[in-house]
Amino acid sequence: MNPAETSAVKFVDLQAQIRSLQPALSDAIEDVLRRGDFILGEAVTLFETEWARYCGVKHAIGVDSGLSALELALRAARVGEGDEVITQANTFIATVGAIMAVGARPVLVDCDEEGQVNVGAVKRAITKRTKVILPVHLYGKIGEIDWLLELAAKTGARVIEDACQAHGAIYRGHRAGNFGWAAAFSFYPAKNLGAFGDGGMLVTNDDEVAGTVRTLRNYGSKAKYEHVALPLNHRLDTIQAAVLRVKLPQLDGWNARRAYLADAYREHLSGGPVGLPASTQEGRHVYHLFVVQAEQRDALRASLSAQGIETGIHYPIPLHAQPVLGGLGYRLGAFPNAERLAAHSVSLPMYPEMPLSHVERVAKAIAGRGSRREAASA
Ligand SMILES: Cc1ncc(COP(=O)(O)O)c(C=O)c1O
């Protein structure tokens, strides 16, 4: 029997990717060790140029995480106390963490059924204090960003993209990172483009934003030991940049493989007991996560786990129910779509090296639980 048919079905297998890129990864790390330029070294500069070219933007500034990229974008926009930043209630805590770090108030709104921000809800939430609209390209899909840009242009707010899950995603011909005044990417190891630790990138077409963020990430200094702005340290490590440079040429191929696996999931799961993400009409979803909806979510996960299949939940608690955000004063029931996703989402195994036979195993295990109607009435 093929070992793929009996082995555990991992949610993500980072080792498979590392194996596929050896010895290039080790050589790149060795090269940094030889050069000794660990802080803002040559690989950082080269990777910034390559990432900017990949995204089709003018500037890319390497930072130490996606959270830092968001925070520095907000600082560059001079967002602070008394300002409001609108974002969605269904995102990773980092999105609001960045808003809180600069002292602004996160204003939460609901998402649509697929998890992208609801533009009508954003419109209703805009006030005179709204400085930034912060949509999240959740799961790897860009929502109706053109409407948000139109809205922002009318109100004077800026759009900053949280593209931390959307490396290479496309909407109407443009890649993530092209739409906002600035955009943030994360290179957390399990992302579509992942480092061997933390890493992030801010991209922008604005020369002034780029200059400000370069200064802010490096102790507020333009020249060594002369500090002109808040002294923070948010630099991208040279070793991480060297690793990311080896991986970047593979990104489009990896994203294509994710889309292929997503199509395979769709084909095998249609008519079954789980709700499937709609296929994108307006560009390219990069399937950082393949998220389905299950009525009996916890029972489904338990049954898959018993068959050696790992799954995840992104995210089980909507932001307005997070203990740390209780002070914002939102009540349960305020964001029905976000709450429904938190209660019913299951993220299925998804990574480019995943064998097709694993998709088939997952689908078979799910189909064994009957049709959607049966699941709903169970
Ligand atoms: C939507 C979103 N925003 C922000 C972040 C923060 O990125 P990092 O973990 O690199 O700080 C992440 C990733 O973890 C994310 O998924």
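Author: Buried means under 20% relative accessible area, exposed means over 50%, and partly exposed is in between (1.4 Å probe, protein chains only). You're looking at a predicted model, where local features need pLDDT of at least 70 and side-chain atom pairs count only at pLDDT 80 or more, while totals for chains, interfaces and linings use all residues. Residues are numbered from 1 along each chain as its sequence is written, and side-chain values use heavy atoms, with hydrogens and water left out.

Reader: Let's start with Ala94: buried or exposed?

Author: Ala94 has its place in helix α5 (helices, H or I, at least four residues, and strands, E, at least two, are DSSP runs numbered from the N terminus). Leaving aside residues up to four places away in sequence, Ala94 touches Leu67 and Leu70, contact being heavy atoms within 4.5 Å. With a relative accessible area of 17%, Ala94 counts as buried.

Reader: And how far apart in space are Ala94 and Lys154, C-alpha to C-alpha?

Author: Along the sequence, the two are 60 residues apart. In space, the C-alpha atoms of Ala94 and Lys154 are separated by 28 Å.

Reader: On to the sheet. What is the average twist from one strand to the next?

Author: The sheet is open, with seven strands in the order β1-β9-β8-β5-β4-β2-β3 and mixed pairing (two strands pair if DSSP finds at least two bridges between them). At the edges sit β1 (59-63) and β3 (105-109), each pairing on one side only. Going from one strand to the next, the twist averages 25°.

Reader: What angle does the direction of helix α3 make with that of β1?

Author: Let's come at it from the β8 side: β8 (residues 182-186) and β9 (residues 200-204) pair in the antiparallel sense over four bridges. Within β8 and β9, Phe185 stands opposite Met201. Helix α3 (residues 42-55) packs on the sheet, touching β1, β8 and β9. With axes as lines fitted to C-alpha atoms (for helices over the stretch in contact) and angles running from 0 to 180 degrees between N-to-C directions, α3 and β1 make about 130°.

Reader: Which helix lies across β4 and β5?

Author: Strand β4 covers 130-133 and strand β5 covers 158-162. The helix across them spans residues 145-155 and runs at about 150° to β5; this is α7.

Reader: How many of the residues of β2 are buried?

Author: Strand β2 (residues 84-88) has both of its faces covered. Glu84, Ile86 and Gln88 are buried on one side, and Val85 and Thr87 on the other. The tally for β2 is five of five.

Reader: Is the β-α-β crossover from β2 to β3 right-handed or left-handed?

Author: Strands β2 and β3 run parallel and are joined by five bridges, with Ile86 opposite Val107 in β3. Between the two strands, the chain passes through helix α5 (residues 93-101). A crossover is right-handed if, with the strands pointing away from the viewer, the path from the first strand over the helix to the second runs clockwise. This one is right-handed.

Reader: Which residue in β4 stands opposite Val85?

Author: Strand β2 also runs parallel to β4, and three bridges join them. Opposite Val85, β4 places Val132.

Reader: Which residue just after α10 takes a positive phi?

Author: Helix α10 (residues 251-269) has 19 residues, and its buried ones include Trp254, Arg258 and Tyr265. From first C-alpha to last, α10 reaches 27 Å, close to the 27 Å expected (1.5 Å times one less than the number of residues). Just past α10, a phi of about 80° belongs to Gly271.

Reader: Now salt bridges. How far apart in sequence are the parts that Arg245 and Glu50 tie together?

Author: A salt bridge puts a side-chain nitrogen of Lys or Arg within 4 Å of a carboxyl oxygen of Asp or Glu. Glu50 is buried at 18%, while Arg245 is partly exposed at 30%. Their closest N and O atoms are 2.6 Å apart. Arg245 lies in helix α9 (residues 238-247) and Glu50 in α3, so the parts they tie together are separated in sequence by 195 residues.

Reader: Arg297 and Asp298 also meet in a salt bridge, but which of them is exposed?

Author: The N to O distance for this pair is 2.8 Å. Arg297 is buried, with a relative accessible area of 8%. At 53%, the exposed partner is Asp298.
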